[in-house]
Amino acid sequence: MSNGQLTLLAVHAHPDDEATGTGGVLARYAAEGVRTVLVTCTDGRCGDAPGGVKPGEPGHDPEAVAASRLAELAASCAILGVTDLEVLGYPDSGMAGWSTNDVPGSFWTTPVVDAAARLAELMNHYRPDVVVTYDPNGFYGHPDHIQAHRITMSALEQTGSAAKVYWTTIPHSTMRKFGEMAREAGMEMPDEPPSDVPEIGLPDDQITTWVDVTAFADRKFAALGAHASQEETMPFLSMGVERFAEVMGVETFVRVDDGVDTAVRETDLFAGLR
Ligand SMILES: [Zn+2]
């Protein structure tokens, strides 16, 4: 039982990931007086330039994209009430298979132990009670997400942190709902995911932690809106805030074995700590 202020530390790969995966818990816990620390590992330079211009296309200036995405990140954090933003600033490695993966200095080419040492310093400074990041596949296989997972697990080990540790995930029932909505919206969607691609997310009964963030769905929606330059936010923003709240009103996590004695199914990342 902690007498001081509780601290949540979330480690994300790119500007905008904080809103997609954890916007609800960041906003909810900040409103409850929890210190919310966001560590964003990369500068997002491989994202879209204004007008949806992709990396490598004429008019895509990686430095300018990074600068505008960091401004969007600051705006998103202000909306979510994030108390402390820490940007590690590694060059975005781009999607799996892109040549930017191998650019010297990119997040993906940075030795895990080096980036983890920087994160460990932040963990020693903030002493988080709860740490959130991605699963070993980075949720969907993006190199920077995989690297964020690796440096987080390494930093936890280096610091001997006793924090409860969570990986973000999405229940298969919600993935099916997304598919239905996309079909309703006229998008071509396969009935079954291709069998050679691992299914994203987890079966519902393997998810330990379901946090109701319905009351903060409008904040999460607005935080995603701060990243509207990125095409990947469009499927969410096009839902409108009410539909978005229905689909995205619960954020789900898998708790990593940590010795904290709480029920297997939780509704609070801080269960057992307050
Ligand atoms: Zn990302």
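The following exercises, each with a worked solution, concern a predicted model.

**Exercise 1. The zinc site**

Identify the protein donors of the zinc ion, and determine why their arrangement is irregular.

Solution.
Step 1. The donors are H14 through ND1, D17 through OD, listed twice, and H145 through NE2. They lie 2.1 to 2.5 Å from the zinc ion.
Step 2. Along the sequence, the donor residues follow the spacing H-x2-D-x127-H.
Step 3. Four donors count as tetrahedral only if all angles lie between 85 and 135 degrees. Here the four donor atoms subtend angles of 54 to 139°, and the arrangement is therefore irregular.
Step 4. Burial is assigned under 20% relative accessible area. H14, with 6%, is therefore buried, and D17, with 8%, is buried as well.

**Exercise 2. Positive phi angles**

Locate D16 and F139, and state the phi value of each.

Solution.
Step 1. As a point of reference, most residues other than glycine have a negative phi.
Step 2. D16 lies in the loop that connects β1 (7-12) with α1 (17-31). Although D16 is not a glycine, its phi is positive, at about 110°.
Step 3. The relative accessibility of D16 is 1%, so D16 counts as buried.
Step 4. F139 is found in the loop between β4 (130-133) and α4 (143-159). Its phi is near 70°, again a positive value in a residue other than glycine.

**Exercise 3. The surroundings of R45**

Describe where R45 lies and which residues it touches.

Solution.
Step 1. R45 is placed in the loop between β2 (35-42) and α2 (62-80).
Step 2. The side chain of R45 is joined to that of D43 by a polar contact of 2.9 Å.
Step 3. Residues up to four places away in sequence are now set aside. R45 then touches H60, P62, E63, V65, A66, P91 and D92.

**Exercise 4. The nonpolar cores**

Determine how many residues form the largest nonpolar core, and which element gives the most to it.

Solution.
Step 1. The largest nonpolar core has 35 residues. Those with the most contacts inside it are L8, Y29, V130, V132, L269 and F270.
Step 2. Elements that each supply at least two residues of this core include β1, α2, β4 and α5 (172-184). The greatest contribution comes from α1, with five residues.
Step 3. Leaving aside neighbours within four places in sequence, the contacts of L269 include L8, V25, Y29, V130 and V132. K164, Y166 and T209 are also among them.
Step 4. A second, separate core has 26 residues, including V37, V39, A116 and V165.

Technical notes
Residues numbered from 1 in each chain as written. Predicted model: local features only at pLDDT ≥ 70, side-chain atom pairs only at ≥ 80, totals over all residues. Heavy atoms only, no water. Helix = DSSP H or I, 4+ residues; strand = E, 2+ residues; numbered from the N terminus. Buried < 20%, exposed > 50% of the residue type's maximum accessible area, 1.4 Å probe, protein only. Polar contact = N/O pair within 3.5 Å; in protein donor to acceptor, adjacent residues only side chain to side chain. Contact = heavy atoms within 4.5 Å. Donors = N, O, S within 2.8 Å, 3.2 Å for Na, K, Ca; no water. Tetrahedral: all angles 85-135°; square planar, octahedral: opposite > 155°, others 65-115°. Core = buried A, V, L, I, M, F, W, Y, C linked by side-chain atoms within 4.5 Å.
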